[in-house]
Amino acid sequence: MASALDSAHMARALRLAARGLYTTDPNPRVGCVIAHGERVVGEGWHVAAGEPHAEINALRAAGVRARGATAYVTLEPCCHHGRTPPCTVSLVEAGIARVVCALRDPNPQVAGAGFAQLQEAGIAVERMERAGAESRALNIGYVKRMATGRPWIRVKLAASLDGRTALSGGESRWITGGPARDDVHRWRARSSCILTGRGTVAADDPALDVRLAPEALGMDRAVRQPRVAVVDSALRTPADARLFDVHAGVMMLTTRVDAPGAEALRARGAEIVGLAAGAGGVDPAALFAELGSREVNEVHVEAGPTLCGSLLESGHVDELLLYMAPTILGSDARGMFDMTPLASMEKRLAVHVQEVRNVGQDLRIRALPIIDREK
């Protein structure tokens, strides 16, 4: 059973893991602390894909002091050759006596095999279940992708208190204040891909980039820009849209790869991705399976009521990120979700509210739709 000292070291390891929130994609965010009792002799976190894992950075900091120590790791150590060598081998060679871990790695290449290798080498392995929830939350997209092949889908919307996202003519800048807009950039920065629809590109001409300085994100390196994908079943996105000036290789997700607009979009550097058709356009299941195959962990959706409503109604939204401004726009303004009218209150969609907090003068609500989690 974990002691209070174990809990304290693991809490530190989780704080270290969070330093990789904006940089590790598509790898998980992992932290490691190496200690002899109360004395910490090394610590580290995974910074970016292709760079050393958290355990390796901590072992390098500890040096010979790692022998006989306990390693506190927020995710099961890897046991296979990927972009870097297996961490299990390094832990064994360093003489680590005990490993305390928060979360079993859902990657099929690891999935308990890392623990088994350590135990076979005589290292005591313990799980810290309570810390596992924090590690899972930090890596929610990675965990889902490894389990289902699909990323975590987070839909962001900004609305007035009466649930309106724009005036009837389409004007929407700005419903929320500066602090809320900065907060959105932090959520963009942690995502693997920003997803929008053709209508939003045509109406708003958004850049969909991260416009915060590295220091605002607690980073000492350039900000990683997420990929951008546009759902456009007939390839009618304007080729002069700002997206193509800001992002290389914008993915155009379509059912018609040979549509008339394809060549103009390719000339702007876009990648045309053909997908199966669903009701009313691109099939969401095919869309997210495609993104999952590209190692996309977290999708940040910024789109209009048609795409957002379609994703919510089809059960493909994992999380809602709602910013509510202290304003009223009235009944003629546009709503958040275009959905099939409900026949009765029994058909209403329930959500589990995870968090409500103030961001400047606005409210931020994080909620999980209560849906079939297999989708």
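I'm going to talk you through some salt bridges in this structure, which is a predicted model.

Some quick background: side chains of opposite charge can pair when their charged atoms come close. In this model, the count of such salt bridges comes to 21. I'll pick out a few.

Let's start near the beginning of the chain, with R12. Which residue does R12 form a salt bridge with? Its partner is E43, and the closest N and O atoms sit 2.6 Å apart. What I like here is where the two residues come from: R12 belongs to helix α1, residues 4-18, while E43 is in strand β2, residues 39-45. That's 31 residues apart, so this pair links distant parts of the chain. As for the surroundings, R12 is partly exposed at 23% relative accessible area, and E43 is partly exposed too, at 31%.

Okay, next pair: E298 and R190. Their side chains meet in a salt bridge, 2.9 Å from N to O. E298 lies in strand β14, residues 298-301, and R190 in helix α7, residues 178-190, so the bridge ties together parts that are 108 residues apart in sequence. Are these two buried or exposed? E298 is buried, with just 1% relative accessibility, and R190 is buried as well, at 11%.

Now, those two have company. E298 and R190 are part of a network of salt bridges that also links R29, R154, D183, E319, E355, R364 and R366.

Last one: R211 and D209. They form a salt bridge with the closest N and O atoms 2.4 Å apart. Here R211 is partly exposed at 49%, whereas D209 is buried at 12%.

Definitions and conventions: Residues numbered from 1 in each chain as written. Predicted model: local features only at pLDDT ≥ 70, side-chain atom pairs only at ≥ 80, totals over all residues. Heavy atoms only, no water. Salt bridge = Lys/Arg side-chain N within 4 Å of Asp/Glu carboxyl O. Helix = DSSP H or I, 4+ residues; strand = E, 2+ residues; numbered from the N terminus. Buried < 20%, exposed > 50% of the residue type's maximum accessible area, 1.4 Å probe, protein only.
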